[in-house]
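Reader: Hi! I'm new to reading protein structures, and I'd like a close look at just one part of this one. Could you walk me through domain 1 and what surrounds it?

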Amino acid sequence: TFRIASRLATLPKPATIAMAARARELRAEGEDVISLALGQPDFPSPPEAIEAAYAAGLAGDTGYPPIPGQKALIDAIIHKFKRDNDLTVTSDRIMVANGGKQVIYNAFAATLDDGDEVIVPAPYWVSYPLIARMLGGTAVEIPCPEENGFRPDAATIKAAITPKTRWLVLNFPNNPTGAILERHDLEAIADVLRDAPHVLVMSDEIYEHLTFDGRRHLSILQVAPDLAERILVINGMAKAYAMTGWRVGFACGPMPLIKAMIAVQGNTTSGVCTLAQAGSAAALKGGLDRIEQMRETYQRRRDTMVEALQAIPGLTCAVPEGAFYVYPGVGGLIGGTSASGRLLDTDVAFAEALLEEAHVATVPGTAFGFSPYLRLSCAASDDQLAEACRRIEGFVKGIR
Ligand code: PLP
């Protein structure tokens, strides 16, 4: 058999991949599958982004870009940090990458030696532990229990820190739970970090604009400016601007770290597509009205989903504070048997049976390191979401 590098061959396979493949197969067989598995906004990208990308192409902006990012986009990012986070940042602390995902890769590649530890609060977006492991690091998962609003407890973080800890990952608003950290949460975490000067913080704020019920996102960089030389803020165009396919993410961090990340990117992908950068700069400068409309839509869908799911006996569903997912608990149904005779012994089995029997694709909590739950994306039409909830209800009623 073909030999794959051990750092890749030994990586756990995410449960999402099998689910997505099976959903595609069912569709190809003509089944009407509703997929709530993807974290992809169902809105068009801003027209001003598309126009700016087109204009840049016609104007000849088609050569190799500088690796850290083009000036117009970096200026727009500086503007964004001031407008959205009340942070004054300079261009030498910023870099642009192919999506938030490449920012994470760059940061871990630039800093992790074999065996270095990355603390990842669970549930988590699956890429943090996978990228850390692929680069020789060790992911140390700490639980964020539902009773605690899916927030990490400062004492739990403190207890997880060892001399080998290199990073603490914070992703709030959180994928998959939508949890948000309040100022007092951030202050307690900052206090822990002040006692652990060897630990860097990766604050992934890509869902910052998608907050509900009047809540506002706060960055740890605002709350603890004294830790600025250890905080890497990650953000990007994908979620708030509905620009997933443009592959533009960015980071703001300490200069030596940004410099090392630029070196990593210089040896992998180089600078980001010039047209995508021009479009992103226009979107960032284009104001927040469109984002506000999407935010309202996601909040309304969240309300519909939470209400429908809470009404299904056996399911629980916390009310997400942000992002665009709901994360219902299926603990009350584990151990049962589906109408077609599948044993529902884990949330993975639950999600598989739900896909096979009710044709709704979700992602089991196992994929996010926190079970037994399901993640459902609200990035689908009202009709699809309502139909998905009806199907889930029918599926659950059939469990014995
Ligand atoms: N961070 C979080 C928490 C995400 O959920 C995602 C996408 O799913 C990303 C980062 C990466 O976004 P992209 O690489 O598309 O910019």
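Author: Sure! First, a word on the term: domain bounds here come from an automatic or database domain assignment. Keep in mind, too, that you're looking at a predicted model.

With that in hand, the assignment gives domain 1 as residues 6-44 plus 290-397, while domain 2 covers 47-285. So where do the two meet? Their C-alpha centres lie 26 Å apart, and 30 residues of domain 1 are in contact with 29 residues of domain 2. On the domain 1 side, the elements that give two or more residues to this contact are α1 (6-9) and α12 (289-310). Helix α12 gives the most, with six residues. If you sort that side of domain 1 by class, you get 18 nonpolar, seven polar and five charged residues.

Now let's go to the later stretch of domain 1, where there's a little sheet to find. It's an open sheet of three strands, in the order β9-β12-β11, and the pairing is antiparallel. Strands β9 (325-326) and β11 (363-364) stand at the edges with a single partner strand each, so one side of each has no neighbour in the sheet. As a general point, strands of a sheet pair through backbone hydrogen bonds, either parallel or antiparallel. Zooming in on one pair, β11 and β12 (residues 374-377) run antiparallel and are joined over two bridges. To spot one of the bridge partners on your screen, look for P364, which is matched with L374 in β12.

Next, try the helices α13 (residues 347-358) and α14 (residues 382-397). They pack at an angle of about 105°, with their axes 10 Å apart. Angles of 65 to 115 degrees count as roughly perpendicular, and therefore α13 and α14 are roughly perpendicular to each other. Which residues do the touching? From α13 you have L354, E357 and A358, and they meet R391, I392, G394 and F395 of α14. By class, the residues of this contact are four nonpolar, one polar and two charged.

Finally, a quick look at the ligand. There are 13 residues around the ligand, and those that come nearest are G99, G100, K101, G236 and A238. Helix α5 (residues 99-111) supplies the largest share of this shell, three residues. The shell's make-up is three nonpolar, eight polar and two charged residues.

How values were computed:
Residues numbered from 1 in each chain as written. Predicted model: local features only at pLDDT ≥ 70, side-chain atom pairs only at ≥ 80, totals over all residues. Pairing = 2+ DSSP bridges. Helix = DSSP H or I, 4+ residues; strand = E, 2+ residues; numbered from the N terminus. Contact = placed C-beta atoms within 7 Å. Nonpolar A, V, L, I, M, F, W, Y, C, P; charged D, E, K, R; others polar. Axes fitted to C-alpha atoms, helices over the stretch in contact; angles between N-to-C directions. Parallel < 35°, antiparallel > 145°, perpendicular 65-115°, else oblique. Near = placed C-beta within 6 Å.
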